[in-house]
Structure formats: structure tokens, C-alpha cells
Amino acid sequence: MAVERLPTTYGLVESDPEQLLIDRRGISPSDLAQIERIMAEMGRMRQVERKIMRSSQRYMQLNETDMRALRQLIAAKNVGRVTTPTDLRAYLGISSASVTKMIDRLEANGHVRRSQHPTDRRSQCIEVTEQAHLAAREQMGRHHAKRFEVAYSLTPEEREVVIRFLAETSDALDSSLEQSNPTRS
């Protein structure tokens, strides 16, 4: 049975014709086609994720950092964890000044509220508003639920293969990033 080739920028013949990055000698055409399908589907999934993110950002009038902050605040709220501006700064990897500006903007738009920290009177805690929580659930949560459904449809053995593939891919990509930029922290 012929395998339909997906349009992709991940085809090795097109992207690495001289085999400078990947030596394809000894890789069967069927193995190569299957690997390229994996790469194409990963690329397609990233495109869909970007489309979902842009749609949610437009709907909620937020940028990517704002969305990441809200996801963190929602997760903290769900487990009863207090979140401070310092926690957000560390999580987002941005400066204290940037966190302050972001919180001001999110608060002005009704996405978060500040309150006195329950145990440290010198500090504030930041909490997502119910309105923002509901909007995020509608905009992002329903998409994540679809991923769960697909994962649940796999057998435990299939899930272990997917977990291993994703973890090893992430490790390999992170390693390649470190090798290409040794000053990265």
C-alpha cells in the first residue's frame, strides 16, 4: 500500500539533500517515509497549537507572556497555592519591572486581582479572576481536553511509546540548543 506523503518542510530529501545533517544510508525508504510523516504531523500539530494560541490571545486580548502567566495562576488557584509577583517573575523568566507592568495591565483588564499575602504582610499575592478563569477554560481548556481524549484512546503500551518519544525528542532538542549556544542558561 502506498503511503500518502504529507506536504512538509521536514522532508529530508528536500531539506538535507547532501546528507550533511543525517546520513540516510541504511535507512529503508519505508522507514524514511514513516519518520517524515512523524515530523510532518509534529509540524502540523505546532501549527494548530499556534492557531489556537493566537485565537485565544485575540479573544482575551492578551500576549503570549500574559497567557502563560494566567495558566500559571489558574494552576496555582486549582491547587490552593498562593502566587506572588516573585513567583511569576521566576516562572516567566522576566524582570521584576516587566512583571509589575504585566500585572498592572492584567489587573486593569479584569484578568487578575492583587491581595495581601496571607502569611507575609510585606508581600502581595496575585490571583486570576473568575471571569478570566472561565474565559481561559473556554478558549484553551476545551482544546486541551481533546488532547486528553486522544491520549486516553491509546493503550497503556502505546502511551509509553509516545511518552518516550516526546521526552527523548525534547531532551535531544534541548541538548542541540545547548551545543549550538554554550552560554545559554
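Contact means heavy atoms within 4.5 Å. The exercises below use a predicted model.

**Exercise 1. Describe the overall build of the protein chain: its elements, their order and its spread.**

Step 1. Take the elements. The protein chain has 7 helices and 2 strands. From the N terminus on, the order is α-α-α-α-α-β-β-α-α.

Step 2. Test the spread. The globule rule gives 16 Å for 185 residues, and the radius of gyration is 21 Å, well over that value, so the protein chain is more spread out than a compact globule. The C-alpha trace spans about 65 × 40 × 30 Å along its principal axes.

Step 3. Look at contacts. Take those with a separation of 6 or more: 47% join residues 24 or more positions apart.

Step 4. Look at cover. Of the 185 residues, 24% count as buried. The accessible surface comes to about 13,400 Å², and carbon and sulfur atoms hold 55% of it.

**Exercise 2. Check the length of helix α3 (residues 64-79), then find which residues are buried and what covers them.**

Step 1. Helix α3 has 16 residues. The expected span is 1.5 Å times one less than the number of residues. That rule gives 22 Å, and the end C-alpha atoms are 23 Å apart, which agrees.

Step 2. List the buried residues of α3. They are Asp66, Met67, Ala69, Leu70, Gln72, Leu73, Ile74 and Ala76.

Step 3. Find the cover. It includes the helices α2, α4 (85-92), α5 (96-108) and α6 (130-153), along with the strands β1 (112-116) and β2 (124-128).

**Exercise 3. Decide whether His133 is buried or exposed, and find its contacts.**

Step 1. Place the residue. His133 lies in helix α6.

Step 2. Apply the cut-off. Buried means under 20% relative accessible area. His133 has 8% relative accessibility, so it counts as buried.

Step 3. Set aside neighbours within four places in sequence. His133 is then in contact with Ile74, Lys77, Asn78 and Val128.

Step 4. Add a distance. The C-alpha atoms of His133 and Val112 are separated by 9.4 Å, with these positions 21 residues apart along the chain.

**Exercise 4. Sort the salt bridges of Arg44, Glu49 and Asp120 by partner and place.**

Step 1. Start with the total. A search of the whole structure finds 13 salt bridges.

Step 2. Take Arg44. Its side chain meets that of Glu41 at 2.9 Å, N to O. Both lie in helix α2, 3 residues apart, about one turn of the helix. Arg44 is partly exposed at 49%, and Glu41 is partly exposed at 32%.

Step 3. Take Glu49. Its partner is Arg147, with the closest N and O atoms 2.8 Å apart. This pair links distant parts of the chain: Glu49 is in helix α2 and Arg147 in helix α6, 98 residues apart.

Step 4. Take Asp120. Its side chain meets that of Arg122 at 3.2 Å, N to O. Asp120 is partly exposed at 24%, whereas Arg122 is exposed at 78%. Elsewhere, salt bridges that share partners join Asp104, Glu107 and Arg114 into one network.

**Exercise 5. Locate the nonpolar surface patch that contains Ile38.**

Step 1. List the members. They are Leu20, Leu21, Ile22, Ile27, Ile35, Ile38, Met39, Val162, Phe165 and Leu166, with about 870 Å² of accessible area together.

Step 2. Assign elements. Helices α2 (29-60) and α7 (156-180) each give two or more residues.

Step 3. Check Ile38. It lies in helix α2 and is partly exposed, with a relative accessible area of 36%.

Terms used. Residues are numbered from 1 along each chain as its sequence is written. This is a predicted model: local features need pLDDT of at least 70, side-chain atom pairs count only at pLDDT 80 or more; totals for chains, interfaces and linings use all residues. Side-chain values use heavy atoms; hydrogens and water are left out. Patches are made of residues with over 30% relative accessible area and no salt bridge: like charges are joined within 9 Å, nonpolar side chains (Val, Leu, Ile, Met, Phe, Trp, Tyr) within 5 Å. Accessible areas come from the Shrake-Rupley method with a 1.4 Å probe; for residues, only the protein chains shown count as cover. A salt bridge is a side-chain nitrogen of Lys or Arg within 4 Å of a carboxyl oxygen of Asp or Glu. Helices (H or I, at least four residues) and strands (E, at least two) are DSSP runs, numbered from the N terminus. Buried means under 20% relative accessible area, exposed over 50%, partly exposed in between (1.4 Å probe, protein chains only). The radius of gyration is taken over C-alpha atoms; the globule rule is 2.2 Å times the number of residues to the power 0.38.
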